[in-house]
Amino acid sequence: MSTNSSNEWRKQLAWGLVLIGVGVAILFQKMDLIELYSLWHYWPLFIVVAGAIKMLTYTRANEFTSGLWTVIVGLWLLAIFQDHMWGLTFRNSWPVVIIACGAVMIIEPFIKDRKASTEELPNEK
């Protein structure tokens with residue numbers, strides 16, 4: 001299986017599992033097994049899941065860092081909207097964005113090096 005078809009398969013699998021999970025949750029709500037409206041304040045987790053899928057199925061380093069940014073933003077929103085987890089609000093949590101910028105700037109070269117080294121292996125054969 002080629003790497004492109006493997007990556008597409010992983011993306012389809014991940015998004016398929018997400019759709020199944022959402023469908024099961026809606027079905028359980030219609031059957032009065034769970035109350036989805038009480039879980040609505042967890043909406044930033046959808047952003048986290050989308051970023052995690054992008055990180056797990058990346059083909060280029062910028063796709064990985066884009067997914068990482070998506071996860072960071074989702075976790076940041078989750079912390080803010082969860083009754084100000086750890087006392088974070090929009091007003092006092094802006095340094096988190098600066099810290100995340102620095103972390104992504106440090107991580108991106110390692111991802112580029114890792115991806116470059118895995119792409120060279122098939123050519124060496």
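## Glutamate 63, a pocket and some rings

Let's start with glutamate 63, which is found in helix H3. Keep in mind that this is a predicted model.

User: Is glutamate 63 buried, partly exposed or exposed?
Analyst: Look at the relative accessible area, which is 15% for glutamate 63. Buried means under 20%. So glutamate 63 counts as buried.

User: Which residue has its backbone nitrogen 2.8 Å from a polar atom of the glutamate 63 side chain?
Analyst: The side chain of glutamate 63 has a polar atom 2.8 Å from a backbone nitrogen. That nitrogen belongs to threonine 59.

User: What span should helix H3 have, at 1.5 Å a residue?
Analyst: Helix H3 covers residues 61-81, which makes 21 residues. The rule is to multiply 1.5 Å by one less than the number of residues. The end C-alpha atoms of H3 agree with the expected value, and that value is 30 Å.

User: And which residue just after H3 takes a positive phi?
Analyst: The phi in question is about 50°. The residue that takes it, just after H3, is aspartate 83.

User: Over to the largest pocket: which helix gives the largest share of its lining?
Analyst: The largest pocket holds about 370 Å³ of space. Among its 15 lining residues, Val22, Ala25, Leu36, Trp40 and Phe46 are the closest to the centre. Helix H1 (3-30) and helix H2 (44-56) each supply at least two lining residues. The largest share, seven residues, comes from H1.

User: How many charged residues does that lining have?
Analyst: Sort the lining of the largest pocket by class and you get 13 nonpolar and two polar residues. The number of charged residues is zero, as the lining has no charged residues.

User: Now the rings: how many aromatic pairs are there, and what kind is tryptophan 76 with phenylalanine 90?
Analyst: The structure holds four aromatic pairs. In this one, the ring centres are 5.5 Å apart and the planes sit at 85°. The pair links distant parts of the chain, with tryptophan 76 in helix H3 and phenylalanine 90 in the loop between H3 and helix H4 (94-124). Planes over 60 degrees apart count as edge-to-face, so the pair is edge-to-face.

User: What kind of pair do phenylalanine 81 and phenylalanine 90 make?
Analyst: Their ring centres are 5.8 Å apart, with the planes at 75°. That angle is over the 60-degree cut-off, so this pair is edge-to-face.

User: Is phenylalanine 90 buried, partly exposed or exposed?
Analyst: Its relative accessibility is 47%. Buried needs under 20% and exposed needs over 50%, so phenylalanine 90 is partly exposed.

Key: Residues are numbered from 1 along each chain as its sequence is written. This is a predicted model: local features need pLDDT of at least 70, side-chain atom pairs count only at pLDDT 80 or more; totals for chains, interfaces and linings use all residues. Side-chain values use heavy atoms; hydrogens and water are left out. Helices (H or I, at least four residues) and strands (E, at least two) are DSSP runs, numbered from the N terminus. On a 1 Å grid over the protein atoms alone, a cavity is a set of points where a 1.4 Å probe fits but cannot get out, and a pocket is an open set with protein on both sides within 12 Å along at least five of seven lines; lining residues have an atom within 4 Å of a point. Grid points are joined across faces, edges and corners, and a volume is the space filled by probe spheres set on the points. Ala, Val, Leu, Ile, Met, Phe, Trp, Tyr, Cys and Pro count as nonpolar, Asp, Glu, Lys and Arg as charged, and the others, Gly among them, as polar. Rings of Phe, Tyr and Trp (its six-membered ring) pair if their centres lie within 6.5 Å; planes under 30 degrees apart count as stacked, over 60 as edge-to-face and the rest as tilted. Buried means under 20% relative accessible area, exposed over 50%, partly exposed in between (1.4 Å probe, protein chains only). A polar contact is a pair of N or O atoms within 3.5 Å; within protein, one must be able to donate a hydrogen and the other to accept it, and residues adjacent in sequence count only if both atoms are side-chain atoms.
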